[in-house]
Number of protein chains: 2
Amino acid sequence: MVYHEEALDDIFVALAEPTRRQVIRRLGTGPASVGELAQPFSMTLPSFMKHVRTLESSGLIQTTKHGRVRTCTLNRERLALVDGWLADQRSLWESRTDRLETLVTQPKEPS
Amino acid sequence: MVYHEEALDDIFVALAEPTRRQVIRRLGTGPASVGELAQPFSMTLPSFMKHVRTLESSGLIQTTKHGRVRTCTLNRERLALVDGWLADQRSLWESRTDRLETLVTQPKEPS
């Protein structure tokens, strides 16, 4: 399975910051303008825009501009890459647990 | 719900690098020594140790030293924090979808 390694690098970097995670969270309830998204945070708009750009370049969000308003939308498919990666790790652990169970329940006969 | 925000910062930083993700993957099949883990990578041991330390300080892995051998073990509970965070985002989308469905299936009577 290909994990879109570069995409995952960018996605994990984007998620490694509480402001950006909070933006993702807010966008989970529907699209919002940059102004609305910035409101809960005590930072300048240029600082906030850096976070928006990091999220956008990771593909986790898309933005569109109409007049002066830039609207952000969550890209769930991109976040699903993280789900996919985690699911794959879990399948490795589970196959390991199965092997251990087989060893315990079907021990080799002493030779 | 508390997301262990600082823990998530460190975990996502740790996961934002293909070598470190490959180490996590390998440790999913069972504990391994630093030497074994380093083998597939064409980098010096000190460079590899930096990755091991980043993983260790994020809590994703634990290491123990016996004599000259440092053994690494995956800490699944720590990776489960990412699962928890993702599940929470999903529940937000789903509640939004439910609200949208209610709007579509039970439209307000025209007043």
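**Cysteines**

I began with Cys72(A), asking whether it is buried or exposed. Cys72(A) counts as buried because its relative accessibility is 0%; buried means under 20% relative accessible area, exposed over 50%, and partly exposed in between, with a 1.4 Å probe and protein chains only. I looked up Cys72(B) too, and it counts as buried because its relative accessibility is 0%. I then searched the whole structure for disulfides (a pair of cysteine sulfur atoms within 2.5 Å), and found 0 over all chains.

**Ground rules**

I keep in mind that this is a predicted model, where local features need pLDDT of at least 70, side-chain atom pairs count only at pLDDT 80 or more, and totals for chains, interfaces and linings use all residues. Residues are numbered from 1 along each chain as its sequence is written, chains are lettered from A and ligands numbered from 1 in the order in which they are written, and side-chain values use heavy atoms, with hydrogens and water left out.

**How the two chains relate**

I superposed chain A on chain B by least squares on the C-alpha atoms of residues with pLDDT of at least 70 in both. A rotation of 180° with 0.0 Å of shift along its axis does it, at an RMSD of 0.0 Å. The two copies are therefore related as by a two-fold rotation axis. Which C-alpha of chain A is nearest the axis? That of Phe12(A) is, at 2.6 Å from the axis.

**Helix 2**

I took helix 2 of chain A next; helices (H or I, at least four residues) and strands (E, at least two) are DSSP runs, numbered from the N terminus. Here Thr19(A), Arg20(A), Arg21(A), Val23(A), Ile24(A) and Leu27(A) are buried. What caps the N-terminal end of this helix? Glu17(A) does, with a side-chain oxygen 2.8 Å from the backbone nitrogen of Thr19(A).

In chain B, helix 2 spans residues 18–27, and its buried residues include Thr19(B), Val23(B) and Leu27(B). There the N-terminal cap is Glu17(B), whose side-chain oxygen lies 2.8 Å from the backbone nitrogen of Thr19(B).

I also followed Arg25(A), which sits in helix 2 of chain A and counts as partly exposed because its relative accessibility is 29%. Its side chain makes a polar contact of 2.6 Å with the side chain of Asp88(B). By polar contact I mean a pair of N or O atoms within 3.5 Å; within protein, one must be able to donate a hydrogen and the other to accept it, and residues adjacent in sequence count only if both atoms are side-chain atoms. From Arg25(A) to Trp85(A) I noted 60 residues in sequence and 20 Å in space, C-alpha to C-alpha.

**Thr63(A) and helix 4**

Thr63(A) is in strand 2 (residues 61–66) of chain A, and it counts as buried because its relative accessibility is 12%. Which side chains does it contact? Glu56(A) is one, at 2.9 Å, and Arg70(A) is another, at 2.7 Å.

Ser57(A) belongs to helix 4 (residues 45–57) of chain A and counts as exposed because its relative accessibility is 58%. Its side chain reaches the backbone oxygen of Thr54(A) at 3.3 Å.

Over in chain B, Glu56(B) lies in helix 4; it is partly exposed because its relative accessible area is 31%.

**Largest pocket**

I finished with the pockets, worked out on a 1 Å grid over the protein atoms alone: a pocket is an open set of points where a 1.4 Å probe fits, with protein on both sides within 12 Å along at least five of seven lines, and lining residues have an atom within 4 Å of a point. What is the volume of the largest pocket? It is about 150 Å³, taken as the space filled by probe spheres set on the points. The lining includes Ser33(B), Leu45(B), Met49(B), Lys65(B) and Arg68(B). Helix 3 (34–38), helix 4 (45–57) and strand 3 (69–74) of chain B each give two or more residues to it. I sorted the lining into 4 nonpolar, 2 polar and 3 charged residues, with Ala, Val, Leu, Ile, Met, Phe, Trp, Tyr, Cys and Pro as nonpolar, Asp, Glu, Lys and Arg as charged, and the others, Gly among them, as polar.
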